[in-house]
Amino acid sequence: SLRRLLFRLGEAWPSLSKVVVVASRPPRSPPMSALGPDSCALGPHATGKQDAQHLCNASFASATIYYPTESGLKSLPSVVIVGGWGCGEQAMAAWAPFYASHGIVAMTIGTPSPFTDSPAVRSKALLDASLALQGEHERADSVLRGRLDISRRAVQGYSLGGGGAQLAALADPTLKCVIALAPDGGYMFPSKHSLSFPSPPPTAVPVLILCGDNDEEAPPKKFGWPHYRQTGAAKLIFEVEGGDHYTPLGPAGGTKHQAEAGSMSMELWCVNCSTICACWMCQCPLALWCTPCPCATLNGPTGHAADRAPRGAIGGVALAWLRLFLLDDETARSQLVLRPDIASGFECSGIEAPLAMDRS
């Protein structure tokens, strides 16, 4: 009867309502993970390499372009990379093919006087080289003819070059972002040639700082962290636990031994020593600045991209930074706000990703 049917439905209602509530619950998102050992792997694109000596001018003496070879890839962004004190161009060569394999044209450059070039000189070299690279978009014989997005440019520098990269951010607001590796502001140079921040600081160009907590040449407490705090734009600092001055030289983490593999010949070492000795005999107070350093040039690439590396988060964070600001990949935000396991220090500002921070 109808009365009996209604009675049975009443008895079943609690269990039916429970089923409805469970079925209406949204699926739970998987927990996010910070960038780790596998985040510095090469990307999906095959890469090529071209000498770019034809682009050089007074501010940069050598250049090499690394690019994705697939002709169908258009509107490619670019990043120009310079080394630090005593660095030859090849010291930064591990970064360039890594970026190129992920669809970003990268050009490494060498400065005319790597032992004496200040952050200001390296800043000018980066900006001059970045603008020169855009000319490849129109040059008839260029492998990049018609393939560059000349509005999407970034620069990256190491040590004194890191100070130079931050100066470039202050000088050119059209840059999309900057990466400073183990930055040194150049305190030993006159103030007009070293890194200083205006007040209030500009807010146009986002800055990423990568450094190591055991860096004795450019201690993060003296350079990296103060630079971060004085930056007015979107910013992130990633301090690698146990890392030294050579750790940021490559996406998998560099080493001093590999960086020094490209040292100068014994003949040139002897010539440089003789020149310095002659200057000291003449009692020249600028002997160590006017002559080349007798020590080995840092000109060996180190920290190449790998499918898995203990310090792979170095490359992962740098790539995510370029993905966000050069490739407009908003998914990179959720990776950039998470502290890597190898970080001894980590902080960011202006990289809001409110949903990404909810791990429930």
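Which residues does E241 touch, not counting residues up to four places away in sequence? Let's work towards that with a few exercises.

This is a predicted model, in which local features need pLDDT of at least 70 and side-chain atom pairs count only at pLDDT 80 or more, while totals for chains, interfaces and linings use all residues. Residues are numbered from 1 along each chain as its sequence is written, and side-chain values use heavy atoms, with hydrogens and water left out.

**Exercise 1. Find the surroundings of E241 and L55.**

Step 1. Start with E241, in the loop between β8 (235-240) and α6 (256-259). Helices (H or I, at least four residues) and strands (E, at least two) are DSSP runs, numbered from the N terminus.

Step 2. Leaving out residues up to four places away in sequence, E241 touches D213, R311, I342, A343 and S344. Contact means heavy atoms within 4.5 Å.

Step 3. Now compare sequence with space: E241 and S344 are 103 residues apart in sequence, yet their C-alpha atoms are 4.6 Å apart.

Step 4. Do the same for L55, which sits in the loop between β1 (47-51) and β2 (62-68). L55 counts as buried because its relative accessibility is 12%; buried means under 20% relative accessible area, exposed over 50%, and partly exposed in between (1.4 Å probe, protein chains only).

Step 5. With residues up to four places away in sequence set aside, L55 touches F60, I65, M107, A132, L133 and E136. From L55 to L133 the C-alpha distance is 7.2 Å, with their positions 78 residues apart in sequence.

**Exercise 2. Describe three salt bridges and how buried their partners are.**

Step 1. Recall the idea: side chains of opposite charge can pair when their charged atoms come close. A salt bridge is a side-chain nitrogen of Lys or Arg within 4 Å of a carboxyl oxygen of Asp or Glu. The structure holds six.

Step 2. Take E136, one of the residues touched by L55. E136 pairs with R139, and their closest N and O atoms are 2.9 Å apart. E136 is buried at a relative accessible area of 1%, whereas R139 is partly exposed at 28%.

Step 3. Move to D172 and R153, whose closest N and O atoms are 2.9 Å apart. D172 is in the loop between α4 (160-171) and β6 (177-181) and R153 is in strand β5 (residues 148-158), so this pair ties together parts that are 19 residues apart in sequence. D172 is buried at 14% relative accessibility, and R153 is buried at 4%.

Step 4. Finish with D329 and R323, where the closest N and O atoms are 3.1 Å apart. D329 is partly exposed, at 24% relative accessible area, while R323 counts as buried at 17%.

**Exercise 3. Characterise the aromatic pair W85–F115 and look for charges over rings.**

Step 1. A pair of aromatic rings is described by the distance of the centres and the angle of the planes. Rings of Phe, Tyr and Trp (its six-membered ring) pair if their centres lie within 6.5 Å; planes under 30 degrees apart count as stacked, over 60 as edge-to-face and the rest as tilted.

Step 2. The whole structure has eight aromatic pairs. One of them, W85 with F115, is edge-to-face, at 5.2 Å centre to centre and 80° between the planes.

Step 3. W85 is in the loop between β3 (76-82) and α2 (95-101) and F115 in the loop between β4 (105-110) and α3 (119-134), so the pair ties together parts that are 30 residues apart in sequence. W85 is partly exposed at 40% relative accessibility, and F115 is buried at 10%.

Step 4. Also look at W95, F98 and Y99, which ring pairs link into a cluster.

Step 5. For charges, the rule is that NZ of Lys or CZ of Arg is within 6 Å of the ring centre and within 35 degrees of the ring normal. The charged end of K222 sits over the Y187 ring, 3.9 Å from its centre, and K235 lies over the face of Y228 at 4.6 Å from the ring centre.
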